[in-house]
Amino acid sequence: MKRHLLESADLDRADATLVLDTAAQIDQALAGREVKKLPTLRGRTVVNLFYEDSTRTRISFELAAKRLSADVINFSAKGSSVSKGESLKDTALTLEAMGSDAIVVRHGASGAPHRLANWVRGSVVNAGDGTHEHPTQALLDAYTIRRRLGRLAGVRVAIVGDVLHSRVARSNVWLLHTLGAEVTVVAPPTLLPVGVGTWPVEVSYDLDAVLPKADVVMMLRVQGERMNASYFPSAREYSRRYGLDGRRMAALGDEAIVMHPGPMNRGMEIAAEVADSVRSTIVEQVGNGVSVRMAVLYLLLGGRSE
Amino acid sequence: MARSTEPARSPSSGSNPGVLLSAADVARVVDRMAHQLIERYARGGGVGDDGAIDPGSADGGLSDLVLVGIPTRGAPLARRLAARIEAFTGTHVDVGTADITLYRDDLRRRGVRALEPTILPDAGIDDRLVVLVDDVLFSGRSVRAALDALRDLGRPRSVQLAVLVDRGHRELPIRADFVGKNVPTSRSQQVRVHLTETDGADEVLVTDGRPEVRAAGEESQ
């Protein structure tokens with residue numbers, strides 16, 4: 001493995017499989033245990049450096065690090081010297097001077113973790129940067145698919161919705177491609193990035209045509225906060241054409257699963273009845289996130305690098 | 001212990017491996033260890049002249065026994081011991097494996113490695129008689145890590161240790177309760193256990209060490 005995890009492309013097939021296998025072993029080792037803690041990273045310090053709001057990712061990383069006995073420092077831009085104008089670089093160097101071994105960073109600017117990786121000696125884990133990537137989400141999605149369907153190679157995955165703004169979609173496209181899945185992105189033309197033609201995916205504008213062939217439907221959140229122009233006429237129209245409701249879910253194959261990275265806009269991209277159905281892996285994804293992040297932290301920090 | 005020590009064989013590495021135990025020897029040693037376990041754990045365990053346990057007293061202690069193998073090669077050894085005990089006494093013995101990678105104290109020096117499964121019997125290990133099983137006892141550090149792992153997995157009534165080969169050079173106050181074979185070695189030598197399940201054949205080899213000095217406590221054999 002490389003020293004940092006900045007994007008899905010940092011993982012080749014062997015590395016990605018190692019992360020998933022490690023997560024599975026950790027899951028199995030901790031299942032049913034009273035003491036859900038391992039001494040592996042005792043004495044290491046992991047800093048959660050969050051410039052954007054987050055519930056599940058930050059808590060998930062915090063729990064993962066704590067279960068491996070690392071010391072965790074949570075830093076959020078609000079209420080820190082960032083509000084006095086301190087730069088990312090100075091903040092990072094400050095944290096490193098205090099002895100952090102890994103920085104888990106979420107930032108609104110695409111590429112911020114790459115910059116960070118050049119400034120610090122420890123490992124950098126990208127926990128979401130702008131509209132670029134969110135590799136641990138892709139890993140936990142792949143892990144969830146593999147657990148539910150038993151395989152990844154040849155699995156047909158439809159990624160539906162706001163692909164343009166979605167770092168989850170980008171990370172998943174590349175990771176799933178590496179792992180041999182066949183990906184179709186489904187979105188209105190206004191919510192597809194310009195370069196989508198160069199991605200290893202098929203593109204469709206018609207959700208109803210894609211659903212019957214899909215093993216996995218991954219719904220994306222419509223990211224209102226990143227939209228400074230109108231990408232579709234109305235929420236109602238978007239929901240009618242690209243939302244997953246009970247009627248559309250009925251078109252899915254028997255084994256097909258429905259995923260969503262959260263947080264959900266219930267009633268917008270996904271209907272409540274779908275989110276709460278047995279096909280939905282949404283809660284499972286959150287639980288798997290902790291195991292996968294434990295695996296990532298172990299593999300990045302456990303031993304000598306390189 | 002045995003886990004990592006399959007160094008890439010280069011022409012210069014170690015001279016003529018000496019065979020310490022042949023396949024037949026391994027089978028005999030495993031049988032003897034199984035008998036020793038029966039003797040220790042079967043309630044009132046009287047062993048007859050033919051080596052068979054008196055059926056009347058064969059149960060009880062043995063059903064509380066759990067053989068926990070330390071991957072890689074401790075796991076198949078534990079399964080073999082359980083199978084032999086069952087063959088000799090007719091009593092089923094629970095088997096588990098406990099991966100100790102995440103409990104090692106030398107991760108920083110040796111780097112990360114893929115994890116092996118940790119599988120415990122459904123009945124767990126609480127209040128049971130656990131015997132840790134490993135292939136080679138050397139520094140004792142793997143056993144220390146295994147004891148730490150066991151502490152997190154439950155609270156056995158007792159824990160003992162069974163190893164196929166004890167090669168000496170302990171770095172911690174740890175000793176084995178059941179030893180297949182004691183082998184005096186020099187620190188620079190390597191002891192390699194091969195088992196059919198993991199390596200295709202049963203044998204135990206001793207090779208002279210390669211020129212580079214292994215740091216104390218590293219996971220060689």
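Start by selecting residues 130-142 of chain B: the C-alpha atoms at the two ends of this span lie 16 Å apart. By secondary structure, the span is 15% helix and 62% strand, where helices (H or I, at least four residues) and strands (E, at least two) are DSSP runs numbered from the N terminus. UniProt, in an unreviewed entry, labels residues 130-142 of chain B "short sequence motif: PRPP-binding". Treat that label with some care: UniProt annotations may be inferred rather than shown by experiment, feature names are shortened, and positions are given in the numbering used here.

Before you click on, know that this is a predicted model, where local features need pLDDT of at least 70 and side-chain atom pairs count only at pLDDT 80 or more, while totals for chains, interfaces and linings use all residues. Residues are numbered from 1 along each chain as its sequence is written, chains are lettered from A and ligands numbered from 1 in the order in which they are written, and side-chain values use heavy atoms, with hydrogens and water left out.

Now widen the selection to residues 61-180 of chain B, which UniProt lists as "domain: Phosphoribosyltransferase" in an unreviewed entry. This stretch is 31% helix and 25% strand, and its end C-alpha atoms are 22 Å apart.

**Where chain B meets chain A**

Next, show both chains. How many residues of chain B are in contact with chain A? There are 18, and they touch 20 residues of chain A (contact means heavy atoms within 4.5 Å). The two chains bury about 1600 Å² between them, 56% of it on carbon and sulfur atoms; buried area is the accessible area (1.4 Å probe) that two parts lose on being put together, summed over both. Pick out B:Leu102, B:Arg108 and B:Val112, since these three supply 37% of the area chain B buries against chain A, more than any other three residues.

Then zoom in on A:Arg33 and B:Asp152, which form a salt bridge with their closest N and O atoms 3.5 Å apart. The rule here is a side-chain nitrogen of Lys or Arg within 4 Å of a carboxyl oxygen of Asp or Glu. The count between these two chains is one salt bridge.

Colour helix H4 (107-110) and helix H5 (141-153) of chain B: each supplies at least two residues of the side that touches chain A. H4(B) gives the largest share, four residues. Sorted by class, that side of chain B has nine nonpolar, three polar and six charged residues. (Ala, Val, Leu, Ile, Met, Phe, Trp, Tyr, Cys and Pro count as nonpolar, Asp, Glu, Lys and Arg as charged, and the others, Gly among them, as polar.)

**Inside chain A**

Hide chain B and colour chain A by domain: domain 1 is 8-133 + 286-301 and domain 2 is 135-282, with bounds that come from an automatic or database domain assignment. Their centres, taken over C-alpha atoms, are 25 Å apart. The contact takes 31 residues from domain 1 of chain A and 29 from domain 2 of chain A.

About 2400 Å² is buried between the two domains, with carbon and sulfur atoms giving 57%. On the domain 1 side, select A:Ser8, A:Leu20 and A:Thr131: they lose the most area to domain 2, together 24% of what that side buries.

For a last stop, find A:Arg167 and A:Glu52, a salt bridge whose closest N and O atoms are 3.2 Å apart. Between the two domains of chain A the count is three salt bridges.
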